[in-house]
Amino acid sequence: MKRHIQPFEAMPSDIAGDRRRWLRTSAIGFGHLAFASMLPNASTADPPSTRTMAGPSDGETVVAHHPARAKRVIFLFMKGGPSHVDTFDPKPMLDRDDGKPLPFDLPRVTFAKQGNLLKSPWKFHRHGESGLPVSELFPNVARHIDDLCVLRSVHGTNPAHGGAALKLHTGSDQFVRPSFGSWLVYGLGSENDNLPAFVTICPTLAHGGVNNWGSAFLPAHCQGTPIGNASRAAAESKIEYISHPSLDRTQQRRQLDLISAMNQDHLRQVGPNASLEGRLRSFELAYRMQTEVPEIQDLTSETQTTRQLYGLDDPVTADFGHQCLLARRFAERGVRFIQVTHSDSEVQWDQHGNLYQGHSKNAAEVDKPIAGLLADLKARGLLDDTLVLWGGEFGRTPTAQGNNGRDHNPHGFTMWMAGGGVKGGFAYGATDDYGYYAAENKMHVHDLHATLLHLMGIDHERLTYRHAGRDFRLTDVAGHVAHDILA
């Protein structure tokens, strides 16, 4: 068979713009082979080889490793690092020894110079049948203490915001890795074909930025869908391009069908391409989202009682309350992972000075909305299979920075969970007598991730993805499930 070889200078502009196609169709394809050999890493990750659960592709049934205790996660991310010794981890010896030097060595690496011990300016009181202590900063959340599993021994590895935030979100503080939400989507898929399985509401663009909700080498459809960012008011935040400026839905459908046909023809010629297939799926999802997402973000159907429950009637709590109410609306429609971020240009909870003013302001903004979310989920029967996680990228030191602030502390801090199969009114682990280091039942970030995956029905050691010649997982080569917190 004689093949016509078109001279290079006469190559049509549409083909010239597609080098791979031109090389493939000219010179019996040898040019394409040579070009491909020079780009061994240009494609997306190798197909998974050891993942032992069904993936989220269209029409595929997902089977978890073991019975799940939770179907979805709502992560309330307190950007900047709230102080555990001022919120959920009281330290009587810190109060007693206020102003004295720390009686043991500081970590080898600290973020900044630290002074003597600084007692908490807030009182702690016991609440609920469990009698767990909560500081005066969270009077509304304290009413739900019997639903909370307080993790007092979480620890990480990085004293800087960027590394610590990446560690918490992705399991790595050094490399670009898939986020926790992306791993969940990869393993379990979505419960609603008209919505993304992972949304992040008003996320921060600093300290890891998009990598905190990115899918890295996992398929593109696993990444989070941002709704606004931390610099915008929640009520004004939308998913970008949720409506087409000129084409109606019939015209868009015809356009998508044409694009899909062209790309499917391309795939038949060149073989599977996970990146392209992910884009095709994202186009279809975006089309379907145009009807459902605006309805979710329209809060006019909520009763005045519900709006007050979340604090939408108060300018102090309205913004974070709006985010929390959106989280409930996404959760009840089957979104797998929802993140709500409390942050601003001042890194919100990062009080190196003026601890009292800063933490008082921050807690006032989130306390009522969080309590409202817990109450609303419980009233609707959603808390049983929704896992709520609260915390920041690290805690703060019991020692002072300056006269009235606290430095970063990744060596021991508090997070809490509620619902989704964990014990309520329960405190797990402990820091030392002053709150500097995790001391009992230590829960590394990898352990936290392993436990979260377990609650969702996933064995963290078996959920893997083959990339660049090795099998990756969220917990890398570490992680242990904290079975003691399971209800």
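**Cavities and charge pairs in a predicted model**

Modeller: Let's start inside the protein: helix H13 gives the largest share of the lining of the largest cavity, with 3 residues. Please keep in mind that this is a predicted model.

Colleague: Thanks! How many cavities of 30 Å³ or more does the structure hold?

Modeller: Rolling a probe the size of a water molecule over the atoms shows where empty space is left. With 30 Å³ as the lower limit, the cavities in this structure number 4.

Colleague: About how much space lies in the largest cavity, and which residues are closest to its centre?

Modeller: The space in the largest cavity comes to about 100 Å³. Its lining is made of 14 residues, and the closest to the centre are Phe75, Leu168, His169, Phe180 and Phe337.

Colleague: Which helices and strands each supply at least two residues of that lining, the one around the largest cavity?

Modeller: H13, the helix we began with, spans 445-455 and is one of them. The others are helix H6 (161-170), helix H7 (180-188) and strand E7 (337-342). So, by the DSSP naming of helices as H and strands as E, the full list is H6, H7, E7 and H13.

Colleague: How many charged residues are in the lining of the largest cavity?

Modeller: Let's go class by class. Nonpolar residues number 8 and polar ones 6. For the charged class, the answer is no residues.

Colleague: Which helix gives the most to the lining of the second largest cavity?

Modeller: That cavity holds about 60 Å³ of space. Its 13 lining residues include Gly156, Ala164, Glu393, Phe413 and Val445, which are the closest to the centre. By class they divide into 6 nonpolar, 5 polar and 2 charged. With 3 residues, the helix that gives the most is H6.

Colleague: On to charges! Is Asp97, the salt-bridge partner of Lys100, buried or exposed?

Modeller: The two side chains meet at 3.6 Å, N to O. Lys100 has a relative accessible area of 45%, so this residue is partly exposed. Asp97 has just 6%, and because the cut-off is under 20%, Asp97 counts as buried.

Colleague: How many residues apart are Asp257 and Arg253?

Modeller: Side chains of opposite charge can pair when their charged atoms come close. Here the closest N and O atoms of Asp257 and Arg253 are 3.0 Å apart. Both residues lie in helix H8 (residues 249-270), about one turn of the helix from each other, a spacing of 4 residues.

Colleague: How many residues separate Arg328 and Asp376?

Modeller: Arg328 and Asp376 form a salt bridge, with 3.0 Å between the closest N and O atoms, and both are buried. This pair links distant parts of the chain, since Arg328 is in helix H11 (residues 318-331) and Asp376 in helix H12 (residues 355-379). Both also belong to a salt-bridge network with Glu295, Glu302, Arg329, Glu332, Arg333 and Arg380. Along the chain, the separation of the pair is 48 residues.

Colleague: Last one: how far from Asp447 is the nearest side chain of opposite charge?

Modeller: Asp447 sits in helix H13 and touches Lys442, Gly479 and His480, leaving aside residues up to four places away in sequence. Asp447 is buried yet has no salt bridge. A salt bridge needs N and O within 4 Å, whereas Arg473, the nearest side chain of opposite charge, lies at 8.8 Å.

Notes. Residues are numbered from 1 along each chain as its sequence is written. This is a predicted model: local features need pLDDT of at least 70, side-chain atom pairs count only at pLDDT 80 or more; totals for chains, interfaces and linings use all residues. Side-chain values use heavy atoms; hydrogens and water are left out. On a 1 Å grid over the protein atoms alone, a cavity is a set of points where a 1.4 Å probe fits but cannot get out, and a pocket is an open set with protein on both sides within 12 Å along at least five of seven lines; lining residues have an atom within 4 Å of a point. Grid points are joined across faces, edges and corners, and a volume is the space filled by probe spheres set on the points. Ala, Val, Leu, Ile, Met, Phe, Trp, Tyr, Cys and Pro count as nonpolar, Asp, Glu, Lys and Arg as charged, and the others, Gly among them, as polar. Buried means under 20% relative accessible area, exposed over 50%, partly exposed in between (1.4 Å probe, protein chains only). Lys and Arg count as positive and Asp and Glu as negative; His and the chain ends are not counted. Contact means heavy atoms within 4.5 Å.
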